[in-house]
Amino acid sequence: MTDLAERFRALWNEIAPVGRNADSGGYLRYALTEPELRLRDWYREQARRRGLPVTEDGNGNLFAWWGDPEAGDAVLTGSHFDSVPHGGAYDGPLGIVSAFLAVDELRAAGVTPVRPVAIGAFVEEEGARFGVPCLGSRLLTGALAPERAATLRDTDGIDFATALGHPPAGARPELLERFRCFVELHVEQGRALADTAAPVAVASAIWPHGRWRFDVTGEGNHAGTTRMADRRDPMLTYAFTVLAANKEARLRGAHATVGRVSVEPNATNAIPSRVTGWLDARAAEPETLAGLVDAVRDKATERARRDGTSLTVTEESATPLVAFDGGLADRLAALLTAPVLPTGAGHDAGVLAAYLPTAMLFVRNPTGVSHSPAESATDEDCAAGVAALARVIEELAC
């Protein structure tokens, strides 16, 4: 193992146990809960050890600065700490750990930046707690109103403002103006690199994607005494909607997933009165995505009419096609001699790309699995990611 890989492993081991579920092996690091707050404290301590002052933007996002935070023209890097339920170890934290190590590499080489470098830790990127992905970056850029964000609630009824400790500040244009560009390092969420000699790739684009809530209401009743012909069962409408989403996505070469459902009263011997499901839809082109969601909505509406139920569809979040800054991506691909790949996964980089030049680096994931305990990366590949990020920072800031 190389020296850099050993240093990566040593730093990684400091956070590896935090929020890990002993049964699944996955992580429960929901935004602003105890495990994620512990990681935010770890982040502050890492910054303190390196003499990097930490600032907050009023929305839950943290920035550790190598250089003067007020100087402007800064290079921003970093990622997030939060996870999906029982998610993998690398999605998010890899970008933050790698950023600290990249700064260490440059300092050890005697490099001094001529522009500030900021290591960001964004809040609620996954949307697993409050339902809106990239919540912190959406607030920072003004893509989401703070009034709406403040009232978003988790499954326990706790709203975002309460979890944060104060109402979110919302758009911070004066802070965004300090950044020259953003480069986010992330574990690859697929197997494009698995059979190649390249441990690191550069992103070209993020598919358009979003989340839609399907609320189906019917009539709760007794499972044993209600004739089948007399039922107004929202579960039937919901089940049909899931199958329709799968079919329509396959027909279009798109992706549709219903991975979350809420049932009332959620009793074995009761016909549900209400079923709520969340559709995650993604496609390579905006037109394909719109067609997919419209088709699922139309089929669900027709099925609800037949079932005697009612349907309401609410768009909870939507991210357009994100084509990363072509000049920056090409520049980094040439610098690193790295392949260029698209991705179907959303990231804070996708939000920030509308406001400043943005790029992403992917570190090889041999399993190709993400949002799961099977997500992985070797220490050597992670070290290659650190070295690549250090070269990028040196190129852009030094």
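This short talk covers three helix pairs, one pocket and two backbone details in a predicted model.

Before I begin, residues are numbered from 1 along each chain as its sequence is written, and side-chain values use heavy atoms, with hydrogens and water left out. Because the model is predicted, local features need pLDDT of at least 70 and side-chain atom pairs count only at pLDDT 80 or more, whereas totals for chains, interfaces and linings use all residues.

Let me start with the helices. Helices (H or I, at least four residues) and strands (E, at least two) are DSSP runs, numbered from the N terminus. Helix α8, residues 234–252, packs against helix α9, residues 286–307, at an angle of about 150°, and their axes are 9 Å apart; here axes are lines fitted to C-alpha atoms, for helices over the stretch in contact, and angles run from 0 to 180 degrees between N-to-C directions. The two helices are therefore roughly antiparallel, given that angles over 145 degrees count as such, under 35 as roughly parallel, 65 to 115 as roughly perpendicular and the rest as oblique. On the α8 side the contact (heavy atoms within 4.5 Å) includes Leu236, Phe240 and Arg252, and on the α9 side it includes Leu292, Val296 and Asp307. Its residues divide into ten nonpolar, four polar and six charged, where Ala, Val, Leu, Ile, Met, Phe, Trp, Tyr, Cys and Pro count as nonpolar, Asp, Glu, Lys and Arg as charged, and the others, Gly among them, as polar.

How are α1 and α12 oriented to each other? Helix α1 (residues 3–15) and helix α12 (residues 379–397) pack at about 100° with axes 8 Å apart, and they are therefore roughly perpendicular. Leu4, Ala5, Phe8 and Arg9 of α1 take part in this contact, with Cys382 and Val386 among the residues of α12, and the contact comprises seven nonpolar, no polar and three charged residues.

In the third pair, the axes of α2 (residues 34–49) and α3 (residues 93–108) come within 11 Å and cross at roughly 10°, which makes α2 roughly parallel to α3. Trp42, Tyr43, Gln46 and Ala47 of α2 meet Ile96, Val97 and Phe100 of α3, a set of six nonpolar residues, one polar and no charged.

Turning to the backbone, the peptide bond from Glu264 to Pro265 is cis, with omega near 5°, and Pro265 is found in the loop between β9 (255–264) and β10 (270–271). Asp73, although not a glycine, has a positive phi of about 60°, and it is found in the loop between β2 (62–66) and β3 (74–80). For context, most residues other than glycine have a negative phi, and most peptide bonds are trans.Finally, the second largest pocket (on a 1 Å grid over the protein atoms alone, an open set of points where a 1.4 Å probe fits, with protein on both sides within 12 Å along at least five of seven lines) is lined by 13 residues, meaning those with an atom within 4 Å of a point. Its lining divides into ten nonpolar, two polar and one charged.
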